[in-house]
Amino acid sequence: MKHYDIVVVGGGVVGLASAYGMAKRHAQIAVLDEADMAFRASCSNFGLVWFQGKGLGNPAYVHLLALSTNSWAHFARELRETSGIDPHYHQQGGLSLCVGEAAAERRRAHIEALRKQSGADGYRCEFLTRGELEQLFAPLRLSDEVRTASYCEADGHVNPLYLLLAMQKRFVDLGGHYHGGHTVRDIIPHSGGGFVLNTDRGYIGCDRLLLAAGLGVTELARKIGLEVPIRPERGQIIVTQRTKPLFPLPMNGFRQTQEGSILLGYSKEDVGLDDTTSVAVTARIANNALKAFPQLASLRVVRTWAGLRTQSLDSYPIYAASREWPGAYAVICHSGITLTAAHAEVIPEWVLNGNTHEFIREFGLERFRV
Ligand SMILES: Cc1cc2nc3c(=O)[nH]c(=O)nc-3n(C[C@H](O)[C@H](O)[C@H](O)COP(=O)(O)OP(=O)(O)OC[C@H]3O[C@@H](n4cnc5c(N)ncnc54)[C@H](O)[C@@H]3O)c2cc1C
């Protein structure tokens, strides 16, 4: 039976960011992932690395987002230079367009509330006028309905597939072991310490265990004495043909990839584990896009897809350590792309050295025990 210091179950962005960070600290570590056709939010997301507008009512989450978005440029540069794979990370700021006066009012009130919540820390977000937006987007025409947009310099975007590939390559270059097709069916904790994992390809042992298996966490976490409540949330995305550069910045719901495709998104649907697309929802996404940029109507749609987010009950991340079986940990989150840079630092310190960063303490399971 193979045995590792640490096994990470799940090869999505959360598992790989953690494993890559731990491999940099010289741990002997393996990542076990499922085969193709698994649910993988990391391969079906929108690719925004996003700060603005999130975390109203939860200042700790705003701090976590700030930590990650502030670290992303350094993280991406190091990853590109060491792996030789460019994750296409760009941080020139991002916009949230307001179509119609009511939307503009709602956005101003929302950002104002975040500003008040941030107090002396300040909140990095400003509003652009219609004239400023016209200049920014010219020659692309904005519909008359676009009133304003909030702008945040911390926002950016990345190609999630190159990000995954780069982290996986770097992890393996650092001596990590990546095992695809190793669905974990059971976990057997040992009373003397350590764990045995029953996988589709045989048994694997480890001293410490990190569950980062997205929608698979709840079932596996029960084996290590943790009850991790999650819900799937479907998001659908439209991809257009490649075109000349049209968008100077990524936006909530609009982003142009480095290759020229335009991504339009995204829905938030409570449909269980159904990751199929529907014409009704993609039609709504397309119509909303045209309400902001009528000229997009001339672009051909080349594909649509749907992915399932792993959401906790309050939509914030969960970082949990098992009291019953020391050495076992579980993580789930939405906005895992945005949080990648923070995860690559904070999770290794927690699992390897027992250093619980304030975020690990803030987003434990205790908050669900009422
Ligand atoms: C439509 C959509 C848009 C999004 N847009 C953004 C965005 O713009 N910005 C952002 O920051 N976030 C975005 N997200 C969220 C982001 O994609 C997720 O937070 C992130 O991918 C979660 O990563 P993960 O590694 O936890 O989960 P996953 O990517 O789901 O990875 C979990 C992995 O665990 C494996 N696994 C599961 N069970 C087992 C098992 N028993 N044994 C072995 N392996 C197992 C799976 O095969 C999978 O590879 C979006 C998500 C969706 C769906």
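User: Which of the 38 residues around the ligand come nearest?
Analyst: Asp 33, Glu 34, Ser 42, Leu 48 and Thr 338 come nearest. A residue counts as near if one of its heavy atoms lies within 4 Å of the molecule. This is a predicted model, in which local features need pLDDT of at least 70 and side-chain atom pairs count only at pLDDT 80 or more, while totals for chains, interfaces and linings use all residues. Residues are numbered from 1 along each chain as its sequence is written, and side-chain values use heavy atoms, with hydrogens and water left out.

User: What makes the pair between Ser 42 and the ligand a polar contact?
Analyst: A polar side-chain atom of Ser 42 lies 2.5 Å from an oxygen atom of the ligand. A polar contact is a pair of N or O atoms within 3.5 Å, so the pair qualifies. Polar backbone atoms serve at Val 13, 3.3 Å from a ligand oxygen, and at Val 14, at 3.1 Å.

User: How much of the ligand's accessible area does the protein cover?
Analyst: The protein covers 96% of the 1000 Å² that the ligand has on its own, by the Shrake-Rupley method with a 1.4 Å probe.

User: Which element gives the most to the shell around the ligand?
Analyst: β15 does, with 3 residues. Strands are DSSP runs of E with at least two residues, and helices are runs of H or I with at least four.

User: Which domains each give at least three residues to the shell?
Analyst: Domain 1 (2-52 + 160-229 + 313-368) and domain 3 (232-312) do. The bounds come from an automatic or database domain assignment.

Technical notes: Polar contact = N/O pair within 3.5 Å; in protein donor to acceptor, adjacent residues only side chain to side chain.
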